[in-house]
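Trainee: I am new to this structure and would be grateful for a close look at the peptide backbone in its loops. Please then connect that part with other features of the chain.

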Amino acid sequence: MKKKRPKKVICIYRLLFLSANCKDFKRKKIRMHQSRGKKIIQKEKLRLKTKRITIYNDPETYSGDKKRLSRKMAKSYMPSAVEKSWYEWWEKSKFFEADPDSSKPPFVIVLPPPNVTGPLHIGHALTAAIQDTIIRWRRMSGYNTLWVPGTDHAGIAAQAYVEKQFLRFTKITRDEMGRYAFTNDLWHMKNLYRDTILRQLRRLGASLDWSRECYTMDEKRSLAVTEAFVRLHKDGLIYRDLRLVNWDCLLQTAISDIENIYIEIKERTPLRVPGYEKPVEFGVLTSFAYPLEEGLGEIIVATTRVETMLGDTAIAVHPVDARYSHLHGKFAIHPFNGKKLPIVCDAVLVDMNFGTGAVKITPAHDPNDYEVGKRLNLEFINIFTDGGKINSNGGPEFTGMPRFEARVAVTEALKKKGLFKGDQNIEMRLGICSRTHDVVEPLIKTQWYVNCKSMAEQALDVVTDGASPKIEFIPKQYVAEWKRWFENSRDWCISRQIGWGHRVPAWYAVLKDDELKELGAYNDHWVVARNKQDAMEEANRIFSGKKFDLYKDPDVLDTWFSSGLFPLSVLGWPNDTKDLRAFYSTSVLETGHDILFFWVARMVMLGMKLGGDVPFRKVYLHPMICDARGREMSKFLGNAIDPLEVINGIELKGLHKKLDDECSLDENELETAKEDYVNDFPDGIPECGADALRFALVSYTAQSDKIKLDIQKVVEYRQWCNKLWDAIRFSVTKLGEDYVPPEEIIPSSLPFSCKWILSVLNKAISKTVVSLDSYEFSDAATAVYSWWQFQLCDVFIEAIKPYFAGNDPAYASERKHARDTLWLCLDNGLRLLHPFMPFVTEELWQRLPCKKDSARKESIVISEYPSTVEGWNFDAVELEMDMIHSCSETTQVSPKQFRFKRLLK
């Protein structure tokens, strides 16, 4: 006898729209073929619009306890309520802690330590979201996972930030404060922002092993830095030398080559330079003449930095240029100091077809001229103070002038002498300090260097060595950049003339009979040691029988020197610790491509030299998050968005207040940043929750090297969380309070609809795992989302709703199959989604019924990640479903109607 369908099955339209919200109705236009269906739709819209929402508050949960859930679920998803209490319980339960004695295979990530110069921004949230997705997946897949948290003292970045803050709010400079007071304020800033950063990471759900949290200037990391310096110096790889360096006049320190970023100037362009009230012109080629001795006339040269002519020591011409052959060995006369400048020949530097074919040589202030000076043994004259003013070598007429004011003054002086020959626009590259935005000045300075030649060769080989390199780059496009950089790498300047950082572990011995008493006057008077006692013993050995005093080098080390040791130092190096033996080398380094050479290259070199192996096996470089104008988010630009502002929501006036209270921008920069916020977030940022933010960020990783963040995308995923919430709320209701999942489900005995959903679930699991394993996070997120949204919610749940419309005994078997399959899908689906959205999946998973006498894991965090099941593959069922979908496209009947009619059979 043919079974009767429940009455509500008669109207397919009700199945289509019963669970839709008001927004869905506004978006969709569906053609109705039955008048009764139209009436049902109208009633449903009215009901959803006017219904009273009952909020079920969860009972109070004490900090660290497992969250207590209300018996009934709230009728709508609220991220602030869902994401409350779980993290404290996870942390207290030690779910995130790794065991060095575990027999499980290790999987280790070191968090790129954020700078303690301010709160995290969305770029850091992207790092945390990706790494936590990896770690949670690996933890659920049976690995002994270790994710080490830490923060970085940030050296130059921290000092630049604090100096700008003091100048803005107090008008006090670093020199006026004194080193001791200034350093104390830096420690205060470090403590304030370190606590903020750690709180942000917890709020994002980052499952870090907090028992191993560290700081680059804590005692253990400082010990590692000192040990590394001493060992490398002993091996002859660290040395001290007088060279041309990139100098930041604002901070009065050397910076590395890769901290000197270049901007392209197309023509005469006024730019604001820190410390100058008026804009400074760049992109100008100034021509002027040097008088020649013996009445031979004059020789014309051109430069974009006319002020440096005060330090000229020669004029170069090409040896085969006939125009100047009569001047070989002759001299020009400097117009301001009367010095004789030799006319020299240099075929390397001079292009006789460019300009006049004569080039002014300033060996102390130009990299190319420096090389000429060394080749031809020219005089090196430094004309700048450390603060970028003209010193006494520049002549009394210009002494004390800031360099760019001197540029104008020198030009005027040349005009008065009749030597100015005009100026013109020129394309040029201008070096800017990435931290202070000051124009970099090449200066001759004695600094500490690392000889990178042998380490660079090793670092190149481990990435480019044939088909099986020791380090794999993802995406592979960065291998070419790695190769290009290391093939042209130079020695690394590691000393900095600032007050914040690890002091160089070197002492200078001033001998009683030294003629010159100033620090560093004699290069062979330096002693490198782990502490002053060791330095004294070494000095007594070197200067046996002589009287001397020891003075510690006031310089500090480059931040990236300590950061380069991070994969080693966080595991206890130089000590032979359990952690070091169990977890080095680490599994993967995940970071932004912008610090590939700042940090990644240094870690590989130092890790191989000091740790004996590569510091990680894979390098995943994610895109950089930019604002609407394509600029990378940075606290120094004032365009950084705190992830908590997206998680909790913030009004526009709150964004502006943050700039006023925290930002170190000057007045013009501050106004620009505020205007940008008005344009980007006119209504502020709505509350989205951590889960939605994480999922949106991971989904963005398919983009190339830049991500233009759209907050609306995060809002959409917050709404999708509500869809998940509704699905579980419906399911828990229909499963019933007395439902107990069966010990075993035999897939072959299930009806069509159940076979189909398990089969597509199997495909989703496979796609997600394969994508995660290949670091294609966007594909993994899409696979999970698509199954939940388009297959489970849109089709399966809608299809089984009629079975729960009543208690008709004729459909008892179908209801049982539907319940069992639904529970199986929810359990697997939530575990599949958990690495991406940890909070909502924990909350919903905890509400699912357990199997009888089942020893289910206490938390979804430590439960097993889904894997494919051979018995769930029903290709024929999927094929039939695809055919139904194809047929629906050629008719006026919606695809869902076709699917439901078949699924309900």
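Mentor: Helices and strands are DSSP runs of at least four and at least two residues respectively, and they are numbered from the N terminus. The model itself is predicted.

With that in mind, consider Pro475, which lies in the loop between strand S19 (472-474) and helix H14 (478-487). The bond that joins Ile474 to Pro475 is a cis peptide bond, with omega at about 0°. A cis bond is also present from Trp573 to Pro574, where omega is near 15°. Pro574 is likewise a loop residue, placed between helix H17 (566-569) and helix H18 (578-583).

The backbone of the loops may also be examined through phi. Ala154 is not a glycine, yet its phi is positive, at about 75°. This residue sits in the loop that runs between strand S3 (150-151) and helix H7 (155-169). Since its relative accessible area is 5%, and buried means under 20%, Ala154 is buried. Glu294, also a residue other than glycine, has a positive phi near 60°. Its loop lies between strand S10 (284-291) and strand S11 (298-303). Here the relative accessibility is 58%, and because exposed means over 50%, Glu294 counts as exposed.

From the loops, one may turn to a strand. Strand S2 covers residues 144-148, and five of its five residues are buried, so the strand is largely enclosed by the rest of the structure. In a regular strand, side chains alternate between the two faces of the sheet. In S2, Asn144, Leu146 and Val148 point one way, while Thr145 and Trp147 point the other way. The residues on both sides are all buried. S2 pairs in the parallel sense with strand S1 (residues 106-110), over five bridges. Within this pairing, Phe107 has Thr145 of S2 as its bridge partner.

A further feature is found on the surface. Asp666, Glu667, Glu671 and Glu675 form a negative surface patch. Among them, Glu675 has its place in helix H22, which spans residues 667-680. Glu675 has a relative accessibility of 52%, and because this value is over 50%, the residue counts as exposed.

To draw the backbone features together, Pro475 and Pro574 each follow a cis peptide bond, whereas Ala154 and Glu294 each have a positive phi. Of the latter two, Ala154 is buried and Glu294 is exposed.

Technical notes: Residues are numbered from 1 along each chain as its sequence is written. This is a predicted model: local features need pLDDT of at least 70, side-chain atom pairs count only at pLDDT 80 or more; totals for chains, interfaces and linings use all residues. Side-chain values use heavy atoms; hydrogens and water are left out. Patches are made of residues with over 30% relative accessible area and no salt bridge: like charges are joined within 9 Å, nonpolar side chains (Val, Leu, Ile, Met, Phe, Trp, Tyr) within 5 Å. Accessible areas come from the Shrake-Rupley method with a 1.4 Å probe; for residues, only the protein chains shown count as cover. A salt bridge is a side-chain nitrogen of Lys or Arg within 4 Å of a carboxyl oxygen of Asp or Glu. Lys and Arg count as positive and Asp and Glu as negative; His and the chain ends are not counted. The place of a charge is taken as NZ of Lys, CZ of Arg, CG of Asp or CD of Glu. Buried means under 20% relative accessible area, exposed over 50%, partly exposed in between (1.4 Å probe, protein chains only). Two strands pair if DSSP finds at least two bridges between them.
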